[in-house]
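Open the model in a viewer and keep the selection tool at hand. Each stop below says what to select and what is there.

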Amino acid sequence: MSSGGNRSLFTDALTRLDQAFPYANIEEEALEKLKHPKAILEVSIPVRMDDGSQKIFTGYRVRHDDTRGPTKGGIRYHPDLALDEVKTLAFWMTCKCAVVGLPYGGAKGGITVNPKELSPLEIQRLSRRFIEQIADFIGPETDIPAPDMYTNQMIMGWMMDEYSIIRRQRTPAVITGKPIELGGSLGRDDATGRGAYYCIKELERKRDWSPEKVRVGIQGFGNGGQAVAKLLHEDGYRIVAASDSRGAIYREEGFDIPSLIRIKNETRELKAVYCDGSLCESVEADNLSNEELLELELDLLIPAAMENQIDEKNADRIRAPVIVEVANGPTTSKADDILYEKGKFVIPDILANAGGVTVSYFEWAQNKSGFYWPLEDVHSRLREIMSREFNAVWDLMEKHSIPMRRAAYVHALGRIGRAIEALGTHKYFSNRRNH
């Protein structure tokens, strides 16, 4: 997945570090370390298909940096998945964990596969074989996977079970995002969207918004998009546009979000409907493309789909004054500059979507202790972290007069840099030699 021209996604992502470095007050050695993933594993996964044939799939796991703790990051199944994308996602996870102060570094993994073409049994075989291949690369104190695009709770359950079989002991802390019955955490299902919602509530407070006057468009109606839509709808925000991979729907009066979620999850289609009990009827709405949704007259745009949706080609046409990134990397670095010049306010992905990894951390902590928290504890602890770090990034943004994304990277770099320096860098060792 490139970010324009021949420039790789990973190279583009690293420009954010260089932009943040002058404000971070850390040594250059720490910056250089973050430009190189710690370890990269590529595996071939032979799977016996339902018709008796064998197919070989390619899987990846990248551990980017473990200075602040074991690495953490999702596993995605996608037909276009390539190593460059996995490296980039692992890098973002390192920054994301640092932004919200979790004792983790970043990792990411996945398999190049279209899961929609596989039967449930084939997906189970693939998932278990993948863990078999990477079992020595992961572990509760080493690297902790979680669900990502086109993986889910059940797949995480299979992976945890396979790892436990290999280790000959039940090891729930090796994977997060598991079913509740297998050691999952309450509140993990909507954590990514809820974290973004808590950021929006902080912005609402600072800008004194009236929710019913705020028109919202959400590109991507998967787990994260649905969760933030539901919470905003409950508060009176008007969700006027939503989309999935097939296209978008738009209705100026707004949609009944519980009805949209119900139909999407029952039929896998995003339809403009209103449900009353078991009866659902269509409502008037315009059909748009995903690209057209991004350019609508909105007050709040939430990209919650794939990387690189806003680039230098369309950034100039984005009309929403506020963008909250629930997806990973939806905006390229060149688009960032254009949006900033146009006065757009962006709550960046490494802050806005950090709710998922935060509740994954809660799940890991619960697995390690064997003590499980009630839902209200999960929500209150998540809100406390998201609100605290939102305001810390906001303060850096105002102090340095820089975009909020750059401020988030400054915040992350400060924490990672201090951890790297605590082990000794050139400054320490060269000074010691001179005494």
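Which residues have the most contacts inside the largest nonpolar core? Select L232, I302 and I347: they have the most contacts inside this core, which has 85 residues. A nonpolar core is a set of buried Ala, Val, Leu, Ile, Met, Phe, Trp, Tyr and Cys residues joined through side-chain atoms within 4.5 Å. Buried means under 20% relative accessible area, exposed means over 50%, and partly exposed lies in between (1.4 Å probe, protein chains only).

Before going on, note that this is a predicted model, in which local features need pLDDT of at least 70 and side-chain atom pairs count only at pLDDT 80 or more, while totals for chains, interfaces and linings use all residues. Residues are numbered from 1 along each chain as its sequence is written, and side-chain values use heavy atoms, with hydrogens and water left out.

**The cores**

Stay on L232 and show what surrounds it. Leaving out residues up to four places away in sequence, L232 touches Y197, I200, V216, Y237, I239, L300 and I302; contact means heavy atoms within 4.5 Å. Apart from the largest core lies another, of 27 residues, with Y77, F137, I138 and W158 among them.

**Strand β5**

Next select residues 143-147, strand β5. Helices (H or I, at least four residues) and strands (E, at least two) are DSSP runs, numbered from the N terminus. Of the 5 residues in β5, 5 are buried, so the strand is largely enclosed by the rest of the structure. Which residues lie on each side of β5? D143, P145 and P147 are on one side, I144 and A146 are on the other, and all are buried. Add strand β3 (residues 71-78), which pairs with β5 in the parallel sense over 5 bridges; two strands pair if DSSP finds at least two bridges between them. Within this pair, G74 stands opposite A146.

**Helix α8 and strand β7**

Move to helix α8, residues 257-267. Its buried residues are I257, S259, L260, I261, I263 and K264. Their cover includes α7 (223-234), β7 (238-244), β8 (247-250), β9 (273-276) and β10 (279-282). Just after α8, R268 takes a positive phi of about 65 degrees.

From that cover, pick strand β7 and select S243 in it. Is S243 buried or exposed? S243 counts as buried because its relative accessibility is 0%. Beyond residues up to four places away in sequence, S243 touches I218, Q219, G220, F221, A248, L270, N290 and L293.

**The loop after β10**

Select V283, in the loop between β10 and β11 (286-288). V283 counts as partly exposed, because its relative accessibility is 21%. Leaving aside neighbours within four places in sequence, V283 is in contact with R251, A272, V273 and Y274. For a distance across the model, add Q153: the C-alpha atoms of V283 and Q153 are separated by 33 Å, with the two residues 130 apart along the chain.

**Two loop residues with positive phi**

Select N25, in the loop between α1 (9-24) and α2 (28-33). N25 is not a glycine, yet it has a positive phi of about 55 degrees. At 76% relative accessibility, N25 counts as exposed.

Finish at R168, in the loop between α5 (153-167) and α6 (191-207). R168 is not a glycine either, and its phi is positive, about 60 degrees. R168 counts as exposed, at 77% relative accessibility.
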